[in-house]
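Student: Please take me through one part of this model in detail. I would like to look at the sheet, its pairing and what surrounds it.

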Amino acid sequence: MWVALCLTALLVFISYRFYTWANPKCNGKLPPGSMGFPIIGETIEFFSPDHALYDIPPFIQKRMMRYGSLFRTSLVGRKVVVSTDPEINNYIFQQEGKSFLTWYTDSFNEIIGQESILTYHGMVHKYLKNLILHLVGPENLKGKLIHELDDATRKHLHTWARHGIVDVKEAMSEMIFEYFAKKLISYDESRAPRKLRESYKAFMDGLISFPLNIPGTAFHACLQGRKNAVKVIGDIFEERKKSTTPHHDFLDHLIEEVKREDTILNEANAVNLVFVLLFATYETTSVAMTLAIKFISDHPKVQAELVKEHEAILRSRDNEESEITWQEYKSMTFTHMVINETVRLANIVPGIFRKALEDIQVKGYTIPKDWLVMMVPSVLHLNPSTYDDPLAFNPWRWEGKELHVGSKTFMAFGGGVRLCVGADFAKLVMAIILHYFVTKYRWKVTKGGDIIRKPGLVFPNGLHIEISAR
């Protein structure tokens, strides 16, 4: 009898927990949707690999068809409202720091670190953003970085042609990592006893993975990769503090900031800032650049138009072998159309998160306080009402349009006050690489090019090309 009573009580308790989980409290009407299983929610389905590059993720698509452009779910233990409505998304961006704050899931914060620039708001975020602009702001891009990137690109592409066959994804990652690691902390992988890039590889492999922290999982390897990378950067920071020799890199600037009496920057912030900048720059840019090469290889008319634009630049010079000038870069209209079209289809960031600071009323529904809102760029970028034949790679669709700002329907570099601070750097890198690719080299894809979303963009077998000098 007691056993039966205990089992009945347990069953009632479990049923109650399932009911309260599936029907969260709300001072209004919640968006439709499902919360999945307690704690786990719908996380497993969200992280399931998807082999379709040119479409909205099935997880989102299925729920949009069932519930509409605004629906609720639960991911990695957090209650989430997913918005695929451009008007709502724009409203949320405009309310940054008022009704909403940039936010991430607990598991993502664990990965990037609590001292990351991504976790700060208000004046602290503005201060850290200005520090980054010291490195990748317009003045430094124009005065210094364009020359360094030109030189680095020439050297690496020459090496690729000497090897004959390269994996574009791996080679792009190596090139951008090498340049930016030197720019940040004067790091040279070939001379370092502890390999920083290996730690980043482990980190990136599990960055967007199911958050199960046990040995053998991608998430655990990701945390270990972050730990090792931060240790290497921290050791360099400590060695640099004792040095009297200037290195003329970003770390020198950070150390001077830490020493200031009125600073809000401490050593942990500085180390984590370097860590986040390196991963955000080299991985996202290398993925976008690899995808651009794939698209151009698949579309001869696009390649021909790029060749036409860049050969015109060569003909306008007194010396064809001169490096790219800022004026030439700004004149690369079709190149920037290719870049925009690439990142529109790439949708490298699967979701942009904000946290509601109060109950928010939108279109007859309530987003409860402390819930997360996830905006999905791919839905906007692949909307046939905005982009004619949206799954097609068509740079000409950008003709006559503003190429350097975000909008309600173009969020490849974020939106609102949190627009990606490194966007101009990424575009400059891509434009310089494309310039030399189409004017100095011939190439053809030999294997690879398959793409998986999980939900981030991955090239499981790379993109291998045969490349030679013209």
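Tutor: Two strands count as paired if DSSP finds at least two bridges between them. Keep in mind that this is a predicted model.

Start with strand 5 and strand 8. Strand 5 covers residues 352-356 and strand 8 covers residues 372-375. They run antiparallel and share 4 bridges. In this pair, phenylalanine 353 sits opposite methionine 374 of strand 8.

Now look at the other neighbour of strand 8. Strand 2 pairs with strand 8 over 4 bridges, in the parallel sense. Methionine 374 turns up again here: valine 82 stands opposite this residue of strand 8.

Move on to strand 1. Strand 1 and strand 2 are antiparallel, joined by 6 bridges. Leucine 70 faces serine 83 in strand 2. These two strands form a hairpin with 2 residues between them. Within that hairpin, valine 76 adopts a positive phi near 40°.

Put the pieces together. The sheet is open, has 5 strands and follows the order 1-2-8-5-3. Its pairing is mixed. Strand 1 (70-75) and strand 3 (100-102) are the edges, each pairing on one side only. From one strand to the next, the twist averages 35°.

Next, the helices. Helix 3, residues 58-67, packs on the sheet. Helix 3 touches strand 1, strand 2 (78-83) and strand 8, and its direction makes about 135° with that of strand 1. Helix 4, residues 86-94, lies across strand 1, strand 2, strand 3, strand 5 and strand 8. The angle between helix 4 and strand 8 is about 125°.

How enclosed is strand 2 by the rest of the structure? Largely, because 5 of its 6 residues are buried. Buried here means under 20% relative accessible area.

Finally, the nonpolar cores. In soluble globular proteins, nonpolar side chains tend to be buried together. The largest nonpolar core in this model holds 117 residues. Leu196, Tyr200 and Phe437 have the most contacts inside this core. Helix 12 (residues 267-298) is its main contributor, giving 18 residues. Leucine 196 touches residues including Phe177, Tyr187, Val232 and Leu278, with residues up to four places away in sequence left out of the count. A second core is separate and has 18 residues. Among them are Phe100, Ile352, Ile360 and Leu380. Two of those names lead back to the sheet: Phe100 falls in strand 3 (100-102), and Ile352 falls in strand 5 (residues 352-356).

Note on methods:
Residues numbered from 1 in each chain as written. Predicted model: local features only at pLDDT ≥ 70, side-chain atom pairs only at ≥ 80, totals over all residues. Heavy atoms only, no water. Axes fitted to C-alpha atoms, helices over the stretch in contact; angles between N-to-C directions. Contact = heavy atoms within 4.5 Å. Buried < 20%, exposed > 50% of the residue type's maximum accessible area, 1.4 Å probe, protein only. Core = buried A, V, L, I, M, F, W, Y, C linked by side-chain atoms within 4.5 Å.
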